[in-house]
Structures are given as C-alpha cells and as structure tokens.
Amino acid sequence: ESTELLFNSLHIPVGAEYNLILSDGTKVFLNAMTEFKYPVKFNKKIREVELSGEAYFEVAENGVPFIVKTDQTNVEAIGTSFNINSYQNTEKVVTTLVEGKVKVSLTKEPFQKVILLPAEQAVHNLSDGSLDVNEVDVILYTAWKNGEFVFYDTRLEDIMITLTRWYSANVFYLNPSVKELRFGGSLNRYGD
C-alpha cells in the first residue's frame, strides 16, 4: 500500500510476443523486439506506461487518462483501442486508432498535437518533425496481434524489416533497387 509507484519492465525478444492485463484492466499485446515499462498498480490521477517497439492497447474505461509515452510521442486515451509502432532506429512513429479517440502529441513539441478518430493514423516523421493524419485500413497495422502479417502495396525493405523482427534473420540486398519493389499478401506468423 505504498504511495510510491513500483514498475515492471518487459523485454520481448525477437520472434516472440506477450499479452498482459494491467492493474486497471487494460489489455496490452506486445510485439517482438519491444520494451514495455508499466506500474504494478496505477495511481488514481493518471495511468502512464512507456513503450519502445510495438503494442496494441485495449484501454479499460475508468475516467482516468491513459498515456503511452515513447521517445518521440505521447498518446493519451480514456477508453479505446489503438496500435503504436515506435521501434528504435526507424524513421517514423505510427499510431493507428481502431476505436474510441486518442490525442497524439510530440514529446519535444507538445503544442503540436492531433486528435484521431477511428480508422485514422498519426505518422510522426522523425526526419522532418512533421505530424500527419491519414485514413487507413486498420487491419494492415493490427493483424500482428492476431498472428498474421498483412501487407498491401508495401516496399520489400519494409516487409523484410517486419519479418526479421519475428524470424530473427538478417537480410542483405545484392541489388539495392529491389528494396523499392512493392508486394501485398497475408502470412500466418506461426507458419513456415
């Protein structure tokens, strides 16, 4: 019953995933190569967690703001479902809203923020600092939590980055131009 918050940290390795339910009832699905820090028990004023990697959240409604902090963005929700992709060494942080409403703000420029509605996605481009909103097919960004890879008109290099996080493989390109080839399809994450 200490007033000091105690934290747990999870480190999900290559080729693994992990699901958990937080003390407030929020369900969290963690993708491969993800780090997640969360309190053992939330305080009554705010619910904050930290993420590096990719996670899907089904936030329990209780009237207290739920905030996911990454190095580059903060995503605030009250009761909603959304996906955040914020892997290290990537060019962008992507927040995709499935249902409800979230506010996405930049860590270094908190005045720059957007409100997302269902089927919208906020893309924070790290190279130029922009924060753009697009309408998307959410299944392309959330299928991983259901054991699938789904791609549509996706660059080969982006597909291979996703696959190497799961299959622990290294990819070398003898011809760099093939990185720009585009593909679509769906794969079972647990298949051959």
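Methionine 33 sits in the loop between β3 and β4 (34–39), and its phi is positive, about 55°, although the residue is not a glycine. This is a predicted model, so let's add how confident the predictor is: the protein averages a pLDDT of 93, and 98% of the residues score at least 70. Beyond the loops, there is a pocket of about 1,300 Å³ to look at, along with a salt-bridge network around Arg155 and some neatly paired strands.

**Confidence**

- Helix α2 (residues 156–167) has the lowest confidence in the protein, yet its mean is still given as 93.
- Strand β3 (residues 27–30), which comes before the loop of methionine 33, has the highest, at 98.

**Positive phi in two loops**

- Which state does methionine 33 have, buried or exposed, or something in between? Methionine 33 is partly exposed, because its relative accessible area is 40% and that class runs from 20% to 50%.
- Alanine 119 also departs from the glycine rule of thumb in your Ramachandran plot: this residue has a positive phi of about 70° and is not a glycine.
- Look for alanine 119 in the loop between β11 and β12 (120–125).
- With a relative accessibility of 29%, alanine 119 counts as partly exposed.

**The largest pocket**

- The largest pocket holds about 1,300 Å³ of space.
- Its lining is made of 46 residues, and those closest to the centre are Asn85, Lys92, Asp158, Thr162 and Arg165.
- Which strand gives the most to this lining? Strand β14 (residues 148–155) does, with eight residues.
- Sorted by class, the lining has 18 nonpolar residues, 16 polar ones and twelve charged ones.

**Salt bridges**

- The structure holds nine salt bridges.
- Arginine 155 takes part in one with glutamate 157, where the closest N and O atoms are 2.6 Å apart.
- Arginine 155 also forms a salt bridge with aspartate 158, and here the closest N and O atoms are 3.1 Å apart.
- Glutamate 157 in turn forms a salt bridge with lysine 179, with the closest N and O atoms 3.8 Å apart.
- That last pair links distant parts of the chain: glutamate 157 belongs to helix α2, while lysine 179 is in the loop between α2 and β15 (182–188), 22 residues apart.
- Through shared partners, salt bridges join Arg155, Glu157, Asp158, Lys179 and Glu180 into one network.
- How accessible are the members? Arginine 155 is buried, with a relative accessible area of 18%, whereas glutamate 157 at 22% counts as partly exposed.
- Because the cut-off for buried is under 20%, arginine 155 at 18% falls on one side of it and glutamate 157 at 22% on the other.
- Lysine 179 is partly exposed at 24% relative accessibility, and aspartate 158 is partly exposed at 31%.
- Aspartate 158 ties two topics together: this residue is among those closest to the centre of the largest pocket and has a salt bridge to arginine 155.

**Strands β10 and β11**

- Strand β10 (residues 102–106) pairs with β11 in the antiparallel sense, over four bridges.
- The two form a hairpin with six residues between them.
- Lysine 103 stands opposite isoleucine 115 of β11.
- In a regular strand, side chains alternate between the two faces of the sheet.
- Strand β11 (residues 113–116) shows this alternation: Val114 and Leu116 point to one face and are buried, while Lys113 and Ile115 point to the other and are not buried.

**Strands β5, β6 and β7**

- Strand β5 (residues 47–58) runs parallel to strand β6 (residues 66–69), and four bridges join them.
- Valine 49 has valine 68 in β6 as its bridge partner.
- In what sense do β6 and β7 pair, parallel or antiparallel? β6 and β7 pair in the antiparallel sense, over four bridges.
- β6 and β7 form a hairpin with three residues between them.
- Isoleucine 67 has glutamate 76 in β7 as its bridge partner.
- Alanine 77 lies in strand β7 (residues 73–77) and is buried, with a relative accessible area of 2%.
- The C-alpha atoms of alanine 77 and valine 59 are separated by 7.5 Å, although the two residues are 18 residues apart along the chain.

Terms used
Residues numbered from 1 in each chain as written. Predicted model: local features only at pLDDT ≥ 70, side-chain atom pairs only at ≥ 80, totals over all residues. Heavy atoms only, no water. pLDDT = per-residue confidence, 0-100. 1 Å grid on protein atoms, 1.4 Å probe; cavity = no way out; pocket = protein on both sides within 12 Å on 5 of 7 lines; lining within 4 Å. Points joined across faces, edges and corners; volume = space filled by probe spheres on them. Nonpolar A, V, L, I, M, F, W, Y, C, P; charged D, E, K, R; others polar. Buried < 20%, exposed > 50% of the residue type's maximum accessible area, 1.4 Å probe, protein only. Pairing = 2+ DSSP bridges. Salt bridge = Lys/Arg side-chain N within 4 Å of Asp/Glu carboxyl O.
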